[in-house]
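Visitor: I would like a close look at a single part of this protein, please. Could you take me through the largest pocket and then show me a few places outside that description?

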Amino acid sequence: MRIDLICVPGLGHYRKLKQGSCFFPPFSKHFVDTGSELFFETRKHFGYFTLRMNFLRGVMGGQTAGPQPSGAETIQKLCDRVASSTLLEDRRGAVRALKSLSKKYRMEVGTQAMDHLINILQTDRSDSEILGYALDTLYNVISNDEEEEQDESEDENAQKQADDLATQFTEKFIEDPEHITLVLTLLEEFDFHVRWPGVKLLTALLKTQGVQVQGIILVSPMGVSRLMDLLADSREVIRNDGLLLLQQLTKGNAAIQKIVAFENAFERLLDIITEEGSSDGGIVVEDCLLLLLNLLKNNSSNQNFFKEGSYIQRMKPWFEVGDDNSGWSAQKVTNLHLMLQLVRVMVSPVNSPGATASCQKCMYQCGLLQQLCTILMATGVPADILTETINTVSEVIRGSQVNQDYFASVNAPSNPPRPAIVVLLMSMVNERQPFVLRCAVLYCFQCFLCKNQKGQGEIVATLLPSTIDANSISAGQLLCGGLFSTDSLSNWCAAVALAHALQDNLTQKEQLLRVQLATSLGKPPVSLLQQCTNILSQGDKIVRRGSKVQTRVGLLMLLCTWISNCPIAVTHFLHNQDNVPFLTAQISENLGEDERLVQGLCALLLGICIFYNDNSLENYTKEKLKQLIEKRIGKENFVEKLGFITKHELYSRAALKPQPVFPSPEQMLFDHEFTRLVKDLEGLITKAVQKSSEEDKKEEEVKKTLEQHDNIVTQYKELIREQDAQIQELKEKVASMTTQTEQLQATVSQQQSQIQQHKDQYNLIKLKLGKENQSQSNNQGDSQVNGLQTEELSQLREELEELRRQQTLLQTQLSEKDALIDSLKSSAQAAEAPAGGSDNAELLQEVEALKNQVQSHLAEISQLKTERLELLRRAEAASSSTAPPSDKSSDAAKAELESRLAAQTSEMERLKEGRSELEEQLASATSTVAILQTEKSKLQTEVQESKKEQDDLLMLLADQDQKIHSLKQKLKDLGETVEDEDDIDARDQTSDEEDEDED
């Protein structure tokens, strides 16, 4: 009898469920007996139960006598039925039977039935049930997942054989890429029995042959998009298995990662995380976070897309923890650990500096850094979460001044409040704390000081006598306490932390020389530098917990970092008469394997004393130290011992990344920044030690000469910069004058338009006066009607004629004014370029003539005004003496005459105003010409000064060329190869001629 138990889980993520001693896996559990078969199917997901009994041989009787068919024969018969049956029901039953046998007879089913099953997928697309059976069978054949607990006695050979079967059947399945495309097409079916087995089959294929299957899916039309649709499936079991599928799909393939990201994966995954409860969620949240890590790790494009999409802001609620942090579940710890890793991926030191800085800024602005610091200072947080939070905060603040300043302001919720840095350092120097936690605190301290000279100064200041507060614990006190404790790991961590406070900061190296320590009562204080060398020289005399080599390596790394690139510190170190003999003794001895690293570091320290020596101590000049090395150690032996550092197996491991990650405390020997220092100095020290004294002298002379040359070049560069600034200033002045000239041209154009308007007004007045004169000539004979005497009318006509002549004269003068305006415009244009003295004189003469004409016009206007008043007075007198009181016609004539005289008067007033405007415009033009002349004189003066400075510069450059020539001659005499400019020019000319010949 065969019992086929199929358990289809309900909604939610599936896992093994143990009840008593029985397991209920999501796949078929079968027992095979050739007598009869019992199929029992439980389908909880669809809410119904089916019990079907199928007796193949003898319903009521016993089993048939005779030999029973083997499993391979049964599978062969089933394959024949699948291939030859015309009824869908028969094929479905055969495929169902193959599915039941596929786990126990995996080899036989995979070998004989795979082609038939693929054919079923291609031909029976209309029946979802047979498709589901076929997909499940293929999954059982290809997958290595064992749903039952394996026997402990199963050896590795059996597991290897199973892996080989999976690889063999997967390669057979993907021989034709269309098979993968076929499965992708079946995923579009909404039926649960088709879609879910298809997802599991693709996942198994990716686990076995990930790279090949990824390539097929990548080139398949809409392949990735179909898989992304699984995340939108309302059935959680399919959506959750779709997450597992996408995890396998995105491993190590940047192209697929980009496609998945641009298919809105970030939005969907973050929505699922929120729906499932964020950090309090279950295994689904873990799967989403693992997929996000696959998409973002080492993928700068996706990281930028994640930042630009404002998804960093959505990470902040993940880290909101309450006051009661007791009783964290294992799943919550896992989820929060992955969330912290996701933050670290965005600000990892291996990312580009620009992208990292942008993400760090965003995390500070959205409050994510503040939230992480809250977890850092909270109580009840599990140790591994606290450690990962410290590492995360470290990389969020690394190299970011704003974030580092904020971290420096964070205080722990203690009484009294203490800075977070102090609290963390207390954990670092406490030997009872976990090793990984102490490493994380050291990394946090290093990141806080990275590119942070302000922070370095604050740490060193806590060691100086003027800033020490006896009532509080400072960072400097904790570092000194760790440096001189009896725990070797505390010694190493404190030494490395203090070295980072001096990294690339000459000021703090000099300030730290002021630190004085009171070693014991009754003895004078000693400097920190002296105390470090004292502990180093005592060596094995002090009883310590841990590796003694670790303490000495830490102190030597601190000393090398301290005195490198600081001649004053080198002098202080050499001033102690015991230091140099101790170093030479350590280097020259033949010590064991463990002490070789100490010898190499001693050689490095002595080499730094030579390379950065300013020869201020007579007994320990560069030359004397090199002679000491040659006599006591030997140059070759010294260089060999120096090479012990880089040849150490832990050196290359520490040089890989900044974070101090060590499997055990004993392997904690090298710091990442120190490996960079060794890389920079090893070659320089080797070269300095091997040079002879004569070579040093020649090099010093050449160096001094080159320094003088550099100083001269620097002076010339400064002079050229000043001249460039002056030229730029002159250009700005020229541009300003050009603008003023354009404004003057605009003013002239406006004045021309105004003059044209005056001409038009004058012509209109002239026409009116002509019509009035004609009317007066027609009424000459009627003198009695007008009430005036003939003589008086004649006199009036003569005066009117005189007025007309004056108007004609005014018109002529206006024409002359036009000509003067044109000449003024040409003069303004000529002012833009330098003009000669004769042009200025002619311009002044024209201005004076124009002024005289204006004065004469004013006099004529005054005379006309006087004559007009006299004429008006006479007309009034004649009107009053000759006109009868009752004669209405006389009154009318008088009124008409008065109106004409009034019109003439107003016209004269307008002409006067026009003359005033012309006079003002003339004055403005005159002042503008004067200004232009002044600017022109200034420009000429500045040009003369620039020419003079250029002549001086040419003379200086000639002298410099002569000096350079002499220096080149000296270098040639010393045996150096120097190319002359003539050789270079000749070579360039030859190459140019060859290019012309080729053309």
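Guide: What follows begins with the pocket and then turns to some loops and a patch on the surface. Please keep in mind that this is a predicted model.

The largest pocket holds about 900 Å³ of space, and 38 residues line it, with Arg398, Cys450, Lys451, Glu673 and Arg676 lying nearest its centre. If we sort the lining by class, we find twelve nonpolar, 17 polar and nine charged residues. Several helices contribute, since α15 (353-365), α20 (435-449), α21 (453-461), α24 (506-512) and α34 (672-690) each supply at least two residues of the lining, and among these α34 gives the most, with six residues.

Turning to the loops, the one between α23 (488-502) and α24 contains Asp504, which has a positive phi of about 55° although it is not a glycine. Asp504 counts as exposed because its relative accessible area is 67%, over the 50% that the term requires. Ser310, in the loop between α13 (300-308) and α14 (330-346), likewise is not a glycine and has a positive phi, here of about 60°, but Ser310 is partly exposed, with a relative accessible area of 39%. In the loop between β7 (411-412) and β8 (418-419) we find Pro416, which is joined to Asn415 by a cis peptide bond with an omega of about 0°.

Finally, Leu218, Val219 and Ile259 make a nonpolar surface patch of about 240 Å². Of these, Ile259 belongs to helix α11 (residues 254-275), and Ile259 counts as partly exposed because its relative accessibility is 33%.

Notes:
Residues are numbered from 1 along each chain as its sequence is written. This is a predicted model: local features need pLDDT of at least 70, side-chain atom pairs count only at pLDDT 80 or more; totals for chains, interfaces and linings use all residues. Side-chain values use heavy atoms; hydrogens and water are left out. Patches are made of residues with over 30% relative accessible area and no salt bridge: like charges are joined within 9 Å, nonpolar side chains (Val, Leu, Ile, Met, Phe, Trp, Tyr) within 5 Å. Accessible areas come from the Shrake-Rupley method with a 1.4 Å probe; for residues, only the protein chains shown count as cover. A salt bridge is a side-chain nitrogen of Lys or Arg within 4 Å of a carboxyl oxygen of Asp or Glu. Helices (H or I, at least four residues) and strands (E, at least two) are DSSP runs, numbered from the N terminus. Buried means under 20% relative accessible area, exposed over 50%, partly exposed in between (1.4 Å probe, protein chains only). On a 1 Å grid over the protein atoms alone, a cavity is a set of points where a 1.4 Å probe fits but cannot get out, and a pocket is an open set with protein on both sides within 12 Å along at least five of seven lines; lining residues have an atom within 4 Å of a point. Grid points are joined across faces, edges and corners, and a volume is the space filled by probe spheres set on the points. Ala, Val, Leu, Ile, Met, Phe, Trp, Tyr, Cys and Pro count as nonpolar, Asp, Glu, Lys and Arg as charged, and the others, Gly among them, as polar.
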